[in-house]
Amino acid sequence: MKRLLIANRGEIALRIVRAARALGIESVLAASAADRESLAAKEADRTVILGPAKASLSYLDPRLVVHAAKATGCDALHPGYGFLSERTSLVTLCEENGIAFVGPTPTSMEQVGGKIAARELAHGAGVPLVSGSGALANAEEALAFAKTVGFPVVTKASAGGGGRGMVVARTAEELKEGFERASHEAKEAFGDGTLFLERFVQTARHIEVQVMGDGNGKVLHFGERDCSAQRRYQKMVEEAPGAILPADVRTRLHESAVRLLSSIKYRNAGTVEFLYDVERQEFYFIEVNARIQVEHPVSEAICGVDLIQMQLKVAGGEPLALEQKDIQRRGHAIEVRVIAEDPDRNFAPSPGRIRRWQAPTGDGVRLDTAMHEGAMVPPYYDSMIAKLIVHGADRAQAVQRLQGALRDFTIEGIATNVPLLRYIAAHPDFIENRISTRWLEQVLLPSYAQRSAN
């Protein structure tokens with residue numbers, strides 16, 4: 001690999017530029033017109049403009065992206081996360097044009113991309129599953145299945161995640177009312193309104209395992225992450241390891257993730273996501289994310305690896321240099337997502353120019369961002385502007401470092417969720433690790449709103 005096209009923006013684009021530079025790989029950033037002056041554009045060896053700010057006319061057009069790679073003589077392409085990162089059409093175009101795709105093969109993407117197909121794959125690999133249906137044609141079929149497993153149940157979109165198409169129904173009436181709405185939302189988000197149903201786990205943690213495969217059956221894991229602090233199924237805080245897990249459950253979790261992706265000779269980075277039933281101390285497969293994820297830095301922090309560099313090496317044809325025994329996990333890491341939204345105004349987006357930017361520093365503190373004083377936050381894309389990562393000898397020290405780093409983080413000119421993150425980090429439930437996937441919405445946000453009102 002000599003020249004890499006980066007088809008993304010923001011902090012992940014900058015992160016890939018720097019990883020490529022460390023490996024002696026030339027970088028070409030494919031940016032929209034709105035991002036021509038970004039920090040990633042300034043640091044890349046070259047920048048090409050894909051099209052206007054609108055994502056559908058730039059970052060989401062696979063033909064434009066591959067054309068940019070060919071026109072600039074790139075022999076590889078990294079999609080980052082989001083946008084086209086899990087589109088088989090992009091991978092196929094890359095293969096047709098002799099460009100190495102930094103990610104899984106199109107076959108693997110198809111095998112794990114649809115949630116129903118992924119469930120069947122997990123079943124075949126002996127990975128635990130929560131009781132679930134196949135594809136459902138209508139609300140009547142959903143009601144019939146719900147009667148067999150009992151309420152509550154949750155609808156899920158077959159074609160994607162992120163909370164789109166998810167409705168928790170505790171009664172037949174709620175399922176009838178929510179099914180069409182969920183299907184419509186899935187159709188709008190993914191172009192496919194197909195839903196399936198699962199039994200809803202009342203007290204759950206969201207646990208996921210980071211893996212890297214060589215495409216020949218060798219798959220390594222880098223431990224698990226706990227991503228239970230969520231709002232509307234969007235992660236806000238991620239930790240590694242999942243401190244709540246008993247040792248035997250942790251071992252079985254890792255083995256299940258590796259077994260699942262080894263069965264399809266998975267290539268490059270991926271994440272196997274699970275729901276952990278706290279009361280039963282059992283885990284259930286949710287889905288596979290066939291790409292690098294936003295929260296990968298906490299795995300890097302505890303394992304002492306650079307997953308982006310590892311991605312590039314695998315895509316360049318190098319074998320995985322590590323063995324599982326070489327990956328030692330140390331300490332505890334926490335990541336919080338800093339977003340340009342106002343929690344006091346129902347998380348209304350807050351684009352604009354940053355007038356003051358004072359980033360935290362100190363032992364065990366890392367900030368992944370492309371923002372700086374004077375930078376413009378455009379209104380066209382996801383509102384995450386930074387990821388603050390802290391690492392400590394144990395969870396207690398990591399929480400203390402998170403509290404200190406958030407205290408020192410100053411952003412002016414736009415509204416952000418930093419005040420909310422400070423409140424989360426200081427909350428007794430968070431400090432004692434007494435949370436679930438519903439905690440942020442049911443406990444934390446109501447108390448934060450009351451505090452803000454007073």
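A salt bridge here is a side-chain nitrogen of Lys or Arg within 4 Å of a carboxyl oxygen of Asp or Glu. With that criterion, a search of the whole structure finds 29 salt bridges.

Before going further, a word on the model: it is predicted, so local features need pLDDT of at least 70 and side-chain atom pairs count only at pLDDT 80 or more, while totals for chains, interfaces and linings use all residues. Residues are numbered from 1 along each chain as its sequence is written, and side-chain values use heavy atoms, with hydrogens and water left out.

## Salt bridges

Three of these pairs are set out below.

| Pair | Closest N to O distance |
|---|---|
| R9 and D35 | 2.7 Å |
| E11 and K387 | 3.0 Å |
| E412 and R356 | 3.6 Å |

Let us start with R9, which forms a salt bridge with D35. The pair links distant parts of the chain, 26 residues apart: R9 is in the loop between β1 (3-6) and α1 (10-22), and D35 is in the loop between β2 (26-32) and α2 (39-43). Helices (H or I, at least four residues) and strands (E, at least two) are DSSP runs, numbered from the N terminus. Both R9 and D35 are buried; buried means under 20% relative accessible area, exposed over 50%, and partly exposed in between, with a 1.4 Å probe and protein chains only.

The side chains of E11 and K387 also meet in a salt bridge. E11 lies in helix α1 and K387 in strand β21 (residues 384-392), so this pair ties together parts that are 376 residues apart in sequence. E11 counts as buried because its relative accessibility is 7%, and K387 counts as buried at 0%.

How exposed are the partners in the third pair, E412 and R356? E412 counts as partly exposed at 34% relative accessibility, and R356 counts as partly exposed at 34% as well. E412 lies in strand β22 (residues 410-412) and R356 in strand β18 (residues 356-358), so their salt bridge ties together parts that are 56 residues apart in sequence. Elsewhere, salt bridges that share partners join E208, R225, K235, E238, E273, E295 and R337 into one network.

## The cavity

Rolling a probe the size of a water molecule over the atoms shows where empty space is left. On a 1 Å grid over the protein atoms alone, a cavity is a set of points where a 1.4 Å probe fits but cannot get out, and a pocket is an open set with protein on both sides within 12 Å along at least five of seven lines; lining residues have an atom within 4 Å of a point. Grid points are joined across faces, edges and corners, and a volume is the space filled by probe spheres set on the points.

The search of the whole structure finds one cavity of 30 Å³ or more. About 40 Å³ of space lies in the largest cavity. Its lining is made up of R205, D226, C227, S228, A229, V237, E239, F430, N433 and I435. Two elements, β10 (219-231) and β11, give two or more residues to that lining, and β10 supplies the largest share with four.

By class, the cavity lining has five nonpolar, two polar and three charged residues. Ala, Val, Leu, Ile, Met, Phe, Trp, Tyr, Cys and Pro count as nonpolar, Asp, Glu, Lys and Arg as charged, and the others, Gly among them, as polar.

N433, one of the lining residues, deserves a look at its backbone too. Phi of N433 is near 60°, a positive value in a residue other than glycine. N433 sits in the loop between α14 (428-431) and α15 (439-453), and counts as buried at 15% relative accessibility.

## The second largest pocket

The second largest pocket has a volume of about 180 Å³. Residues L220, D306, Q309, M310, K313, V314, E318, P319, L320, A321 and L322 line this pocket. Which element gives the most to its lining? Helix α11 (residues 307-315) does, with four residues. The lining divides into seven nonpolar, one polar and three charged residues.

## Backbone details

Two cis peptide bonds are worth checking in your viewer. One joins F151 and P152, with omega about 0°, and P152 is in the loop between α7 (139-149) and β6 (153-157). Another joins A240 and P241, also with omega about 0°; P241 lies in the loop between β11 (234-240) and α9 (247-262).

N268 has a phi near 75°, a positive value in a residue other than glycine. N268 is placed in strand β12 (residues 267-277), and counts as buried because its relative accessibility is 0%.
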